[in-house]
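Here are a few worked exercises to try with the model open beside you. Have a go at each task before you read its solution.

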Amino acid sequence: MTSPQQTPDTHGHSHSHGPAAPVSKHLRKVIAAVLIPFATAVLVGLVVLWPGGAPAHERTGVGFDRQTQQGQVVKIEQIDCKDVNAAQVPPTGDTTTPQGREAQRAQTGDCEKATVEVTTGKDKGRRFVEIVQPDAPRQFHVKQGVVVAYAPDAPRDLQYSVTDVDRTTPMALLAGIFALAVVVVGRLRGLMALIALVISFAVLTLFILPAILQGSNPLIVAVVGSSAIMLLALYLCHGLTARTSVAVLGTLISLLLIGLLGSLFIGWASLTGNTDDNTGLIHGLYPEIDMSGLLLAGVIIGSLGVLDDVTVTQTSAVWELRQADPDMGPRALYRAGIRIGRDHIASVVNTLVLAYAGAALPLLLLFSIAESSVGTVANSELVAQEIVRTLVGSIGLVASVPVTTALAALVVSADRPGTSGGGATPETATGAPSGTPPEAPFGTPPKAPAGRPFGGLRTRGGGGRRRKA
C-alpha cells in the first residue's frame with residue numbers, strides 16, 4: 001500500500017508545515033510599491049547624511065575624552081600608607097563625617113605600590129607608579145593588563161595614571177561563546193543573525209554616531225539609521241519574502257508612532273537629555289547637538305530591537321495559522337493571532353521595564369538611601385526620562401501587535417490560485433498531473449474490493465480466525 005498523503009485544499013495549499021506559499025502577484029506589487037520607495041528614501045538619506053567620520057576636536061582630558069594607552073603591572077610592593085598617602089584627617093580630629101573617616105582609613109594599614117609599564121603608543125616601555133589603598137575597589141596583581149590615561153600638560157611624573165583594567169580577553173571569549181551558541185542552535189539562520197548584528201553595529205558606529213556629532217538632526221539620523229538596520233537585518237535573517245515585508249511594514253508603523261509620542265512627551269515634560277556627566281561632556285564639546293533630540297533618537301533605536309522580535313513573531317504566527325487551517329478568513333486569523341500577541345505583549349513589556357530598571361538600579365538605590373518619595377523620584381529628570389523612554393517604547397510595542405497581525409491576516413488571506421508566482425495550484429499541489437485523483441488523506445482506510453474486506457481476507461465474527469478466500 002502506498003504512503004497516504006494529504007488532500008490539497010481548494011486554494012492550492014497542502015497541510016504540511018513547510019514554507020508558506022507566496023502571496024499573489026497583485027499583493028506582491030502592492031507591497032513592493034510601498035517598500036521600494038521607502039527603501040529608496042532610506043538609501044538617499046544615508047548618502048545625504050553620511051558623515052565621513054567623526055569630527056576632530058581638542059581633547060579636554062575629562063572623563064572619556066582622554067588619551068589612553070595600554071599598560072601592564074610589572075611589580076607590586078607593600079608600603080605603609082602613612083608614607084605615601086596625601087589624605088589628612090581634619091585638624092579637629094573629627095572622624096564623624098564620611099570625609100574624615102575615609103581619610104583616617106587611608107592613613108592606616110598597608111598600601112600597594114604598583115609599578116606600571118606603558119605597552120603601546122610613543123612612550124612604550126615607560127614606567128610609572130600607582131598607589132593603591134587597602135580599601136580601594138580595584139586591586140592589582142603582577143602581569144595584569146590595565147588602561148592608562150595620558151595627560152600631556154601635567155608634570156612628567158604625573159602624566160600617566162591607571163583608569164581601568166584591560167578586559168579584552170574575557171570579553172572576547174564571551175563574545176566567541178555567544179557566537180558559537182547562536183550558530184550551533186540557529187545554524188544558517190543563526191549565522192545570518194550574527195552577520196545582521198555586525199551590520200547593525202557598523203551602521204551605528206559609522207553612520208549614526210558620527211552624523212550626530214557633525215551636527216545633523218539626531219531624530220532624522222536615528223530614523224534613517226534605524227530604518228537601514230531594520231531593512232538589512234530583517235531581510236538578511238528572514239529572506240526576501242512577503243512575510244518579511246509585512247513584518248517590515250508593521251515595524252515601520254510602530255516606529256513612526258514611537259517617534260511621534262516620544263517627540264510630544266519629551267517636549268511636554270521639558271526633558272533636556274542633559275542629566276549626567278557624560279551628556280554634560282557631550283554638550284560641552286558639541287554645544288550644537290540637540291540633546292533632547294538625542295534622547296528621542298535613543299528611544300527609537302532602543303525600541304527597534306524588541307519591535308523586530310514582536311513583528312516577526314506575529315507575522316510568522318499568522319502564516320502558520322493559515323497553513324494549519326487554509327479555510328480561516330482574515331477575521332478569524334486576526335482573532336487567533338491577537339490571542340498569541342497578548343501573551344507576547346505581557347512578556348515583552350515586562351522585559352522592557354525590567355531592562356531599564358536594571359540599568360538604573362544604582363540610581364534607584366541612591367534614591368532609596370535618601371528616603372525620597374516615589375513622586376519625588378519620578379519627577380526628577382534623570383528618572384523621568386527613563387520613564388518616558390520605557391512607556392513610549394512599550395506603547396509602540398503594544399501597538400505593533402494588532403497592526404502587524406491585521407496586516408499579516410489581510411495579506412495571507414488574499415492568495416489567488418494560479419497567480420502566486422510559483423505557488424502550488426490544486427492540480428499540482430501533490431505532484432500528480434491534472435485530472436489524477438488525489439491520494440486518500442492520512443488516516444483514511446483503503447478501499448477493499450466489493451465483497452472482500454481487507455483486500456481478499458474474510459473474517460468470521462468480530463475476532464475470529466482469518467483464512468484466505
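A residue counts as exposed when its relative accessible area is over 50%, as buried when that area is under 20%, and as partly exposed in between. Keep in mind that this is a predicted model.

**Exercise 1. Two residues with an unusual phi**

Task: find where Lys143 and Arg187 sit, and work out whether each is buried or exposed.

Solution. Start with the backbone. Most residues other than glycine have a negative phi. Arg187 goes the other way, with a phi near 55°. Its place is in helix α4, which covers residues 168-213. The relative accessible area of Arg187 is 65%, so Arg187 is exposed.

Now do the same for Lys143. Its phi is also positive, near 70°. Lys143 belongs to a loop, the one between β3 (127-132) and β4 (145-150). With a relative accessibility of 67%, Lys143 counts as exposed.

**Exercise 2. From α1 to α5 by way of α4**

Task: starting from Ser226, list what Ser226 touches beyond its sequence neighbours, then look at Ile208 and Val42 in the same way.

Solution. Step one is Ser226, which is part of helix α5 (residues 218-238). Its relative accessibility is just 1%, so Ser226 counts as buried. Setting aside residues within four places in sequence, Ser226 contacts Ile208, Leu255, Ile300 and Leu304. For Leu255, the C-alpha atoms are 9.2 Å apart, with the two positions 29 residues apart in sequence numbering. There's a local polar detail too: a polar atom of the Ser226 side chain lies 2.6 Å from the backbone oxygen of Ala222.

Step two follows the contact to Ile208, a residue of helix α4. Ile208 has a relative accessible area of 2%, which makes it buried. Beyond four places in sequence, Ile208 meets Val203, Val221, Gly225, Ser226 and Ile301. Pro218 is 10 residues away from Ile208 in sequence, and the C-alpha distance is 8.2 Å.

Step three is Val42 in helix α1 (residues 25-49). Val42 is buried as well, because its relative accessibility is 7%. Its contacts outside the four-place window are Val224, Ser227, Ala228 and Leu231. Take Val224: Val42 and Val224 are 182 residues apart in sequence, yet their C-alpha atoms are 5.6 Å apart.

**Exercise 3. A buried arginine**

Task: which residues does Arg389 touch away from its sequence neighbours, and which side chain gives it a polar contact?

Solution. First locate Arg389: helix α12, residues 381-412. Next, check accessibility. At 13%, Arg389 falls under the 20% cut-off and therefore counts as buried. Then list the contacts from outside the four-place window, which are Leu295, Gly298, Val299 and Tyr356. Last, look for the polar partner: the Arg389 side chain makes a polar contact of 3.2 Å with the side chain of Glu386.

**Exercise 4. How do α9 and α10 pack?**

Task: describe the packing of α9 against α10, then classify the residues that form the contact.

Solution. Two packed helices are described by the angle between their axes and the distance between the axes. For α9 (residues 330-359) and α10 (residues 361-369), the angle is about 70° and the axes are 4 Å apart. Angles from 65 to 115 degrees count as roughly perpendicular, so α9 is roughly perpendicular to α10. On the α9 side, the contact is made by Ala357, Gly358 and Ala359, and on the α10 side by Leu361, Pro362 and Leu364. Sorted by class, that gives five nonpolar residues, one polar residue and no charged ones.

**Exercise 5. A loop residue and the whole chain**

Task: what is the C-alpha distance between Ala269 and Val388, and what do the totals for the protein look like?

Solution. Ala269 sits in the loop between α6 (242-268) and α7 (277-285). At 42% relative accessible area, Ala269 is partly exposed. Val388 is 119 residues away from Ala269 in sequence and 8.9 Å away in space, C-alpha to C-alpha.

Now zoom out. The protein has 13 helices and seven strands. Of its 469 residues, 33% count as buried. Take the contacts between residues at least 6 apart in sequence: 71% of them join residues at least 24 apart. Finally, the protein exposes about 27,200 Å², with 62% of that supplied by carbon and sulfur atoms.

Technical notes: Residues are numbered from 1 along each chain as its sequence is written. This is a predicted model: local features need pLDDT of at least 70, side-chain atom pairs count only at pLDDT 80 or more; totals for chains, interfaces and linings use all residues. Side-chain values use heavy atoms; hydrogens and water are left out. Axes are lines fitted to C-alpha atoms, for helices over the stretch in contact, and angles run from 0 to 180 degrees between N-to-C directions. Helices (H or I, at least four residues) and strands (E, at least two) are DSSP runs, numbered from the N terminus. Angles under 35 degrees count as roughly parallel, over 145 as roughly antiparallel, 65 to 115 as roughly perpendicular and the rest as oblique. Contact means heavy atoms within 4.5 Å. Ala, Val, Leu, Ile, Met, Phe, Trp, Tyr, Cys and Pro count as nonpolar, Asp, Glu, Lys and Arg as charged, and the others, Gly among them, as polar. Buried means under 20% relative accessible area, exposed over 50%, partly exposed in between (1.4 Å probe, protein chains only). Accessible areas come from the Shrake-Rupley method with a 1.4 Å probe; for residues, only the protein chains shown count as cover. A polar contact is a pair of N or O atoms within 3.5 Å; within protein, one must be able to donate a hydrogen and the other to accept it, and residues adjacent in sequence count only if both atoms are side-chain atoms.
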